Amino acid sequence: MRLECENGCVRLRVSIGVAMVAMTGLSGCKEMPPGIPLEQLNPQQMHGHAVFQEACGRCHSDRTSQGLHGPPLLGMYRKPYLPSGAPANDERVLATILHGRNMMPAFGDKMDPQDLDDLMAYLHTL
């Protein structure tokens, strides 16, 4: 709706409903596509999935974009940044797993190198 002011200025009124629809469209709110199906994982990735379920699955979801106690990890390597704001690369992910961050405990002394390698291989499938 267009309204003329007394001094000749033009005001546009937009209904709240139209504004909300526009904001939703601009926000880019999309569901992350699924990762590689479990039945298509190789043996290393399958072992990494088992490691994830044991060590990470209590706090992080891997197959949905719903968070638990920690952020969901679905698509973590398909985004430029991790939820922490750090770059989504192996260096930052490994550092977080090994040394912890904020509420996440360190797993450096709880995981052997093969489990860690397999977990990283699995995270790349999400």
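**Figure 1. Gln45 lies in helix α2, which spans residues 43-55.** This is a predicted model, and the first close-up stays with one side chain. Gln45 has a relative accessible area of 16%, so it counts as buried, the cut-off being under 20%. Look past its sequence neighbours, those up to four places away, and you'll find Gln45 touching Ala121, Tyr122 and Thr125. One of those partners, Tyr122, comes back in the next view.

**Figure 2. Phe52 and Tyr122 form an aromatic pair.** A search of the whole structure turns up 1 aromatic pair, and here it is: Phe52 with Tyr122, at 5.8 Å centre to centre and with 55° between the planes, which puts the pair in the tilted class. The two rings come from distant parts of the chain, with Phe52 in helix α2 and Tyr122 in helix α4, 70 residues apart. Are these two residues buried or exposed? Both Phe52 and Tyr122 are buried.

**Figure 3. Arg63 sits in the loop between α2 and α3.** With 29% relative accessibility, Arg63 is partly exposed, because that value falls between the 20% and 50% cut-offs. Which residues does Arg63 touch, leaving out those up to four places away in sequence? There's quite a list to click through: Gly35, Ile36, Pro37, Leu38, Leu41, Leu74, Tyr122, Thr125 and Leu126. For one of these partners there's also a backbone distance to check: the C-alpha atoms of Arg63 and Pro37 are 9.3 Å apart, with the two positions 26 residues apart along the chain. Tyr122 and Thr125 are among the contacts of Arg63, and they are also touched by Gln45.

**Figure 4. Met76 is a buried residue in the loop between α2 and α3.** Its relative accessible area is 8%, so Met76 falls under the 20% cut-off for buried. Setting aside neighbours within four places in sequence, Met76 is in contact with Leu82, Ala88, Val93 and Leu123. Leu123 is 47 residues away from Met76 along the chain, yet their C-alpha atoms are separated by 7.7 Å. Asn89 belongs in this view too: it lies in the loop between α2 and α3, and its C-alpha atom is 9.1 Å from that of Met76, 13 residues apart along the chain. Unlike buried Met76, Asn89 is partly exposed, with a relative accessible area of 28%.

**Figure 5. Met76 also helps line the largest cavity.** Searching the whole structure for cavities of 30 Å³ or more gives 1. About 30 Å³ of space lies inside the largest cavity. Which residues line the largest cavity? They are Pro72, Leu73, Leu74, Met76, Lys79 and Pro83. Sorted by class, that lining has 5 nonpolar residues, no polar ones and 1 charged. Leu74, part of this lining, is also one of the residues touched by Arg63.

**Figure 6. The largest pocket has a volume of about 590 Å³.** There are 25 residues in its lining, and the ones closest to the pocket centre are His60, Gly70, Pro71, Thr96 and Met104. Helices α2, α3 and α4 each give two or more residues to this lining. Which element gives the most? That's α3, with 3 residues. By class, the pocket lining breaks down into 17 nonpolar, 6 polar and 2 charged residues.

**Figure 7. Asn102 has a positive phi.** The angle is about 50°, although Asn102 is not a glycine. You'll find Asn102 in the loop between α3 (90-99) and α4 (113-123). Is Asn102 buried or exposed? Asn102 counts as exposed, because its relative accessible area is 72% and the cut-off is over 50%.

**Figure 8. The charged end of Lys110 sits over the ring of Phe107.** The distance to keep in mind here is 5.5 Å, taken from the charged end of Lys110 to the centre of the Phe107 ring.

**Figure 9. Zooming back out, the protein chain has 4 helices and 2 strands.** Follow the sequence and the pattern reads β-β-α-α-α-α. The chain has 126 residues, of which 29% are buried. Among contacts with a separation of 6 or more, 45% are between residues 24 or more positions apart.

Terms used
Residues numbered from 1 in each chain as written. Predicted model: local features only at pLDDT ≥ 70, side-chain atom pairs only at ≥ 80, totals over all residues. Heavy atoms only, no water. 1 Å grid on protein atoms, 1.4 Å probe; cavity = no way out; pocket = protein on both sides within 12 Å on 5 of 7 lines; lining within 4 Å. Points joined across faces, edges and corners; volume = space filled by probe spheres on them. Nonpolar A, V, L, I, M, F, W, Y, C, P; charged D, E, K, R; others polar. Buried < 20%, exposed > 50% of the residue type's maximum accessible area, 1.4 Å probe, protein only. Contact = heavy atoms within 4.5 Å. Phe/Tyr/Trp six-rings, centres within 6.5 Å; stacked < 30°, edge-to-face > 60°. Lys NZ or Arg CZ within 6 Å of the ring centre and 35° of its normal.
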